[in-house]
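Please open the model in a viewer and keep the sequence panel visible. The tour below proceeds by selection, one stop at a time.

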Amino acid sequence: MTDVLNTDVTLQIGDQQYTGWKAIGIGTGIEQLAGQFELVCADRWAINGQQRPILPGLSCTVKLFGTAVITGFIDEASPSYSPSEHSLSIRGRDATGDLVDCAARTDGQSWAGRTLLQIAVDVCKPFGIPVRLDGPAGAPFRSQAVSPGETAMEVLSRAARQRGYLLVSDSLGGLLITRTGSRRATRALRLGVDILDGSATYSHTERFNRYDVIGQDNEQSYDGAESLAQQVLASASDPAIRKSRVTVIDVPDASDVGAARQLALWAAATRKARGERAELTVRGWLDGAAPWAANTLVRIDDAWLGLASEYLIAGVSFSLDDQGGQITRLSVTPPAAYTPEPLIESSSE
């Protein structure tokens, strides 16, 4: 690796800013609520000739070219040495990492007539995490409850899924509740032009030929008495998969055939989309003037990998190559992979 230290990434702790990195790893994505980073530096930095203490638990902000990509806390600081060098590795996450790790502090609490945003504000308040909703508030829930031991993320993910939203970090220390594909890339990515290398996976592992949604329906006996019976309410098919592969989606309280049909179609479409994923490496960290970001739609033309459409960036990883150059690894998938699940409301929802 080159001896030139990178100064385009800044670690800010309080009013101090640190640069000069030997190695950099920064990752964000829509499948991880908190972005994470690892920065490696020489063991002696100086501000006015003084050594800089980097300690776990300190709040910090990681910036690329002055734009915040992670705002949270340092989790670990690992000094090391060998006969030839001394170094310090610093690892941390967005503030929303606490929502992933910690139990919701409202065990046993339930919300009636509250919107997704109102519930999220309640859950995040003890952590000091602000919440922003990118979209309409949606209908209030009839009821939402917290089970003992549930993490804050589990509580919020369940509610967000029922209203068709994703939970992501806003890179500024807050929680953003948003829709899939909330932004578009400023440029397309093309084989031999923008893409340095790539790989793709086309998988049938989680796909089925038929998706049966089963639920309850009224059944009338010979004497006229009515009872509830479990039956297939709707089905959807994926003809590319062999007919022997069938799966069942059990929705105990469902009796709405139309909603069940939408759920079956959603399951077939999302499983198909999630079976197609690609990893692409591009030169540089910027899409236009801003760092590449997850939940971005981007046009990709790569005949070798069979990509010729608009794809959703599910994950972003920033790093340095062996010469200290800036590279970005993008994990992409068809947008249908993250289409919100249709909601079949029960009487207790």
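Select Ser171 in this predicted model; the residue is found in the loop between β11 (166-169) and β12. Ser171 is not a glycine, yet its phi is positive, at about 70°.

Next, select Asn295, which has a positive phi of about 65° although it is not a glycine. Asn295 is found in the loop between β21 (290-291) and β22 (296-302). Is Asn295 buried or exposed? Its relative accessibility is 3%, so Asn295 counts as buried.

Keep Asn295 displayed and add Ser182, whose place is in the loop between β12 (175-178) and β13 (183-184). Ser182 and Asn295 are 113 residues apart in sequence, but their C-alpha atoms are 6.3 Å apart in space. Show the side chains: that of Ser182 makes a polar contact with that of Asn295, at 3.2 Å. Once neighbours within four places in sequence are left aside, Ser182 is in contact with Asp134 and Asn295. Ser182 is partly exposed, with a relative accessible area of 40%.

Now turn to the helices. Select α2 (residues 116-124) and α3 (residues 152-162), whose axes come within 10 Å and cross at roughly 175°. The crossing angle makes α2 roughly antiparallel to α3. Which residues of α2 and α3 meet? On the α2 side they are Leu116, Ile119, Ala120, Val123 and Cys124, and on the α3 side Ala152, Val155, Leu156, Ala159 and Ala160. The residues of this contact divide into 10 nonpolar, no polar and no charged.

The next stop is the interior. Select Leu11, Ile26, Phe37 and Trp292, the residues that touch the most other members of the largest nonpolar core, which has 48 residues. Strand β23 (residues 307-320) supplies the largest share of this core, eight residues. Apart from this core lies another, of 23 residues, among them Ile119, Val155, Ala159 and Leu175. As a general background, nonpolar side chains tend to be buried together in soluble globular proteins.

Center the view on Ile26 and display its surroundings. Not counting residues up to four places away in sequence, Ile26 touches Val9, Gln36, Phe37, Val62, Leu64, Val69, Ile70, Val316, Ser317 and Phe318.

Move on to Thr333, whose place is in strand β24 (residues 326-333). Thr333 counts as buried, at 0% relative accessibility. A polar atom of the Thr333 side chain lies 2.9 Å from the backbone oxygen of Glu276. With neighbours within four places in sequence left aside, the contacts of Thr333 are Ala273, Arg274, Glu276, Tyr311, Leu312 and Tyr338.

For the last residue, select Gly14, in the loop between β1 (9-13) and β2 (16-18). Gly14 is exposed, with a relative accessible area of 57%. Add Ser59 to the selection: Gly14 and Ser59 are 45 residues apart in sequence and 7.5 Å apart in space, C-alpha to C-alpha.

Finally, return to the whole protein in cartoon view. Its secondary structure comes to four helices and 24 strands. Of its 349 residues, 44% count as buried. Among contacts between residues at least 6 apart in sequence, 66% join residues at least 24 apart.

Methods. Residues are numbered from 1 along each chain as its sequence is written. This is a predicted model: local features need pLDDT of at least 70, side-chain atom pairs count only at pLDDT 80 or more; totals for chains, interfaces and linings use all residues. Side-chain values use heavy atoms; hydrogens and water are left out. Axes are lines fitted to C-alpha atoms, for helices over the stretch in contact, and angles run from 0 to 180 degrees between N-to-C directions. Helices (H or I, at least four residues) and strands (E, at least two) are DSSP runs, numbered from the N terminus. Angles under 35 degrees count as roughly parallel, over 145 as roughly antiparallel, 65 to 115 as roughly perpendicular and the rest as oblique. Contact means heavy atoms within 4.5 Å. Ala, Val, Leu, Ile, Met, Phe, Trp, Tyr, Cys and Pro count as nonpolar, Asp, Glu, Lys and Arg as charged, and the others, Gly among them, as polar. A nonpolar core is a set of buried Ala, Val, Leu, Ile, Met, Phe, Trp, Tyr and Cys residues joined through side-chain atoms within 4.5 Å. Buried means under 20% relative accessible area, exposed over 50%, partly exposed in between (1.4 Å probe, protein chains only). A polar contact is a pair of N or O atoms within 3.5 Å; within protein, one must be able to donate a hydrogen and the other to accept it, and residues adjacent in sequence count only if both atoms are side-chain atoms.
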